[in-house]
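Hi,

Here is the structure I said I would pass on. Have a look at it first, and my notes on what turned up are just below.

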Amino acid sequence: MNEPGSLTGRPSRARTRIVRSFTSRHRIPLRCARLGFSTRYSPWTAFLIVALSFVVLGVAAWSMTLGAYPITVREVIAALWGSPVNPQDDFIVVGLRAPRVVTALLAGAALAMSGAIFQALVRNPLAAPDIIGVNAGAGVVVVFLIVTGMPAALIAPGAFVGALTTAVVVYLLTWRRGVSGARLVLVGIGVNAILSALITLLIIRFPVDRVSLAVWWQAGTLHGSTAADAWLLVVGCALLVPIALRLTSSAHVMTFGDDAARGLGVRVEPARAGLLLVGSGLAATAVAAVGPIGFIALISPHIARMLAGHYTSGVLLLSALIGATIVLLADTAAQHAFAFSVPVGVLTAAVGAPYFLYLMARAGRRARA
Amino acid sequence: MAIADRDHVGSNAVKKTEGRTKRVGFLVSRSRRAVGLVALALLLTAVSAASLSIGSAPTPATAVWPALTDFDGSNDHIIVRDMRLTRTLIGLAVGAALGVAGGLMQAITRNPLAEPGILGVNAGAAFAIVTAVYVFGAVTPLGYVWFAFFGAAAAVTIVYLLGTMAGSKATPVTLALAGVVVTLLLDSWITLILVFNERTLDEVRFWLAGSLAGRGLEEMTFLVPFLVIALLAGLLLARQLNTLSLGEDVARSLGARTGRVRLISAIVVVILAGSAVAAAGPIGFVGLAVPHIARSLAGADYRWIQSYALLLGPTLLVGADVLGRVLARPGEVQVGIITALLGAPLLIALARRKRLVST
């Protein structure tokens, strides 16, 4: 009656164990002394990453079929593969839609990873690069460039320089024999306020038509994204993501507190500086390519942590995928759901903000339960 | 928390640190504080006079007093009376409101960083007003002041809930972060509206920066009863705030109804901040700076702090307005921008003070 694999009675113990290891947050230690390798592997997170990758690819393909000139999925894939069914597919898919989709995916991933890093760095689930002033730093430079009518090619490098400079300034102002996460947040809020005031000054002093354009950029938009933006993000992510992954273990341990981390052998100050640089670099790259899209950096790590537990490289990648999906969906909706094209940041703000409040309410209820 | 470690003993507030006692306030005796208050009143008068005589159109200083008392219809007199007097009076009212509101907020949250700008109250009122302008086309405070109150109240509730929810304890940082997140939320919704509607953008962008100009006195008159009642309440609550600052347990055991005091204070803050935003747009950092300066002058007794705040707030705000007019002649830099540029460094300096945050 209780033979393994029988249809009656309880399932075998082996099967129960496999099912449970996939659905629980249980992490399996993997060690190899000869390679000097010791880590914990979570089947659940791995499953989520794989599943979400497929979702992302699916949504990307679907997104590329929409537009004034509808194309089927098969034609999209054929065009990407290099042998388009119709000759104009090549231009539309590869020239117009694919860069925008790739930019959306990578910008979402970069912002989400940046948010995850900041939240681990500051040990507070409300932290994000938008709050520390990184977005405002980019904003000041770009709004200035737009309202004074400077060439559009300067916008991306300007945003990048502005964002990174702000991060460095915030770090230096926080330094007082070491950097504490709480102080970093407060100094960031102050710097953000100064930069926002400067942006407001620019918005007031210049004529409304130019200012509209600047406000449009400030909302974050993928309108007119080219292959150049996509490549910028590819290069930026390729450089920064490996560093972020390397620093993950230190970041994870630092969430337990500085003293505990030091006791466990983590070099706290260098790790913190490195994490700040990487997080700001990722946010700066995203802002340079698409403008400051809000709430992705704040929400994606929350969702990832809700699904898969606390901060690890798996959770980092998971939040990247979640961010990518959200931005892609938002951009698709922004392009096609309304009569006219809407900046994607507007949608992420409209939807992301209430969703964020809902997430916090859920977390609060769970914490109190 | 470091701030609660201070020993508040009546009006002679001293702080015991490692055997040394350090006075919290610069003016240590009651008579000196009264003198300080009078001096502050004189300073306020001087700043107001400066506000009446400085501006884009050069008017002789001798024209100010006659313009108020012996109006004769000349250009100078019109400028002084209609334009500068209006903005000075608005500045006085808004400054007092923000200063007293800041003191209240810092007392009831026991958070030295609390103020209507940082904790999102201004943003809540501003968002409600922008929505009213967009939906109803309302352009005068009479049309949207109730929206402002409602928006401010909603923001206060959300920030409080968020601040006590995220993370296990409501430290100064958590509350400030919650306020910033809510401000970000609301600013992005404001941007949403402004992106879609250039007319609204053009109408509100000056007001959104926080400006004392562009309003007539008649529009403000109905705000006066709200402000007067709320300011009176803010001053009368000072005694309760003293008790509250001893800590939750001690206050309760002394018979103070802490919940009720907090609720009434929150309502007063909403009225003050909502009126201020309805009159002049969201102006930040006045509520932060004023209580700190008042505390450094007058000590930790809230009766004195609130009295000083009542005079210090207008002084700072009207002073900032004058500065804005002087810096950008013949135009002006809006007062909200000046207060942010001057006040945010204060926030950074406060953040760097060792006792404020623990790692």
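**Where the two chains meet**

Between chain A and chain B, 5 residue pairs are in polar contact, counting pairs with both residues at pLDDT 80 or more. That cut-off is there because this is a predicted model, in which side-chain atom pairs count only at pLDDT 80 or more. As for salt bridges across the interface of chain A and chain B, the rule finds 0.

Which parts of chain A do the touching? Two or more residues each come from α5 (129–132), α7 (155–174), α8, α9 and α16 of chain A. The largest share of that side belongs to α8(A), with 17 residues. Sorted by class, the side of chain A that touches chain B has 41 nonpolar, 7 polar and 8 charged residues.

In terms of contacts, 56 residues of chain A meet 45 residues of chain B. The two chains bury about 4,300 Å² between them, and 81% of that is on carbon and sulfur atoms. If you want residues to click on in chain A, try A:Leu186, A:Ile204 and A:Val208: they lose the most area to chain B, together 15% of what that side buries.

**The cavities**

How many cavities of 30 Å³ or more does the structure hold? There are 2. The largest has about 1,400 Å³ of space in it.

Its lining is made up of 49 residues, and nearest the centre you'll find A:Ser196, A:Thr200, B:Thr183, B:Leu184 and B:Asp187. Both chains supply helices to this lining, with at least two residues from each of these:

- from chain A: α6 (134–147), α8 (181–205), α9 (208–219) and α16 (344–368)
- from chain B: α4 (121–136), α6 (172–196), α7 (198–208) and α15 (335–352)

So what is the lining like by class? It divides into 29 nonpolar, 16 polar and 4 charged residues. Note that α8, α9 and α16 of chain A turn up here as well as on the side of chain A that touches chain B.

**Salt bridges**

Side chains of opposite charge can pair when their charged atoms come close. Over all chains, the count comes to 12 salt bridges. One to look at is A:Arg262 with A:Asp259, where the closest N and O atoms are 3.9 Å apart. Both of these residues lie in helix α12 (residues 258–263) of chain A, 3 residues apart, which is about one turn of the helix.

Cheers

Note on methods:
Residues are numbered from 1 along each chain as its sequence is written. Chains are lettered from A and ligands numbered from 1 in the order in which they are written. This is a predicted model: local features need pLDDT of at least 70, side-chain atom pairs count only at pLDDT 80 or more; totals for chains, interfaces and linings use all residues. Side-chain values use heavy atoms; hydrogens and water are left out. On a 1 Å grid over the protein atoms alone, a cavity is a set of points where a 1.4 Å probe fits but cannot get out, and a pocket is an open set with protein on both sides within 12 Å along at least five of seven lines; lining residues have an atom within 4 Å of a point. Grid points are joined across faces, edges and corners, and a volume is the space filled by probe spheres set on the points. Helices (H or I, at least four residues) and strands (E, at least two) are DSSP runs, numbered from the N terminus. Ala, Val, Leu, Ile, Met, Phe, Trp, Tyr, Cys and Pro count as nonpolar, Asp, Glu, Lys and Arg as charged, and the others, Gly among them, as polar. Contact means heavy atoms within 4.5 Å. Buried area is the accessible area (1.4 Å probe) that two parts lose on being put together, summed over both. A salt bridge is a side-chain nitrogen of Lys or Arg within 4 Å of a carboxyl oxygen of Asp or Glu. A polar contact is a pair of N or O atoms within 3.5 Å; within protein, one must be able to donate a hydrogen and the other to accept it, and residues adjacent in sequence count only if both atoms are side-chain atoms.
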